Amino acid sequence: MQERSISTSVQRVDILLNHKLVQMSYSKGGYKNYIKEYMQAKEKLEKENPDRVEAFMEGAKTEMEKAFAEAEEPSVFLGSR
């Protein structure tokens with residue numbers, strides 16, 4: 001009779017493992033606050049590359065609208081330090 005072992009290892013997507021990404025838990029309100037902080041990158045762009053500001057803002061707005069329309073609870077992955 002052959003014994004079977006039960007695997008207790010956790011399998012994850014290679015991208016998450018290779019880039020050491022960690023899933024963050026956010027409510028929609030918390031995610032909106034996170035995005036507001038991220039959008040402060042506009043100030044850096046205005047100083048360093050003002051030609052990209054308009055495209056950045058339009059692209060960010062479009063992507064955020066899509067993210068909020070598609071997900072009840074957003075899945076966010078950040079790099080661990």
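**Close-up 1. Lys-42 and Glu-46 pair up in a salt bridge, with 3.9 Å between the closest N and O atoms.** This is a predicted model, and that goes for every view below. Both residues sit in helix α3 (residues 41–48), and because they are 4 residues apart, about one helical turn separates them. How accessible are the two partners, Lys-42 and Glu-46? Lys-42 comes out at 30% relative accessibility, so it counts as partly exposed. Glu-46 has 41% and is partly exposed too. A search of the whole structure turns up 2 salt bridges, and the other one is the subject of the next view.

**Close-up 2. Glu-63 makes a salt bridge with Lys-66.** Here the closest N and O atoms are 3.4 Å apart. Which helix holds this pair? Both residues belong to α4 (residues 53–70), where they are 3 residues apart, or about one turn of the helix. Glu-63 is partly exposed, with a relative accessible area of 41%. Lys-66 also counts as partly exposed, at 43% relative accessibility.

**Close-up 3. Helices α3 and α4 run roughly antiparallel to each other.** Their axes come within 9 Å and cross at roughly 160 degrees. An angle over 145 degrees counts as roughly antiparallel, which is why this pair of helices gets that description. The crossing of α3 past α4 is right-handed. Which residues meet where the two helices pass? From α3 come Ala-41, Lys-42, Leu-45 and Glu-46, and from α4 come Val-53, Phe-56 and Met-57. Look out for Lys-42 and Glu-46 in that list: they are also the salt-bridge partners of the opening view.

**Close-up 4. Phe-56 reaches residues well beyond its own stretch of α4, including Tyr-38 and Met-39.** With neighbours within four places in sequence set aside, Phe-56 is in contact with Tyr-38, Met-39, Ala-41, Lys-42 and Leu-45. Ala-41, Lys-42 and Leu-45 are among the α3 residues that meet α4. Met-39 and Leu-45, for their part, turn up with Phe-56 in the largest nonpolar core.

**Close-up 5. The largest nonpolar core brings together 11 residues.** The members are Tyr-26, Tyr-31, Ile-35, Met-39, Leu-45, Val-53, Phe-56, Ala-60, Met-64, Phe-68 and Val-76. Which elements supply two or more of them? Those are α2 (28–38) and α4. Of the elements, α4 gives the most, with 5 residues.

**Close-up 6. Val-22, in strand β1 (residues 21–25), touches residues far along the chain, Val-76 among them.** Not counting residues up to four places away in sequence, Val-22 touches Val-76, Phe-77, Leu-78 and Ser-80. Val-76 is also a member of the largest nonpolar core. The C-alpha atoms of Val-22 and Gly-79 are separated by 6.1 Å, though the two residues are 57 apart along the chain. Is Val-22 buried or partly exposed? At 38% relative accessibility, Val-22 counts as partly exposed.

**Close-up 7. His-19 sits in the loop between α1 (14–18) and β1.** This residue counts as exposed, with 55% relative accessibility. The cut-off for exposed is over 50%, so His-19 makes the grade. The C-alpha atoms of His-19 and Ser-80 are 8.5 Å apart, with their positions 61 residues apart along the chain. Ser-80 is one of the residues that Val-22 touches in the previous view.

How values were computed:
Residues are numbered from 1 along each chain as its sequence is written. This is a predicted model: local features need pLDDT of at least 70, side-chain atom pairs count only at pLDDT 80 or more; totals for chains, interfaces and linings use all residues. Side-chain values use heavy atoms; hydrogens and water are left out. A salt bridge is a side-chain nitrogen of Lys or Arg within 4 Å of a carboxyl oxygen of Asp or Glu. Buried means under 20% relative accessible area, exposed over 50%, partly exposed in between (1.4 Å probe, protein chains only). A nonpolar core is a set of buried Ala, Val, Leu, Ile, Met, Phe, Trp, Tyr and Cys residues joined through side-chain atoms within 4.5 Å. Contact means heavy atoms within 4.5 Å. Axes are lines fitted to C-alpha atoms, for helices over the stretch in contact, and angles run from 0 to 180 degrees between N-to-C directions. Angles under 35 degrees count as roughly parallel, over 145 as roughly antiparallel, 65 to 115 as roughly perpendicular and the rest as oblique. A crossing is left-handed if the near helix is turned anticlockwise from the far one by less than a right angle, and right-handed if clockwise.
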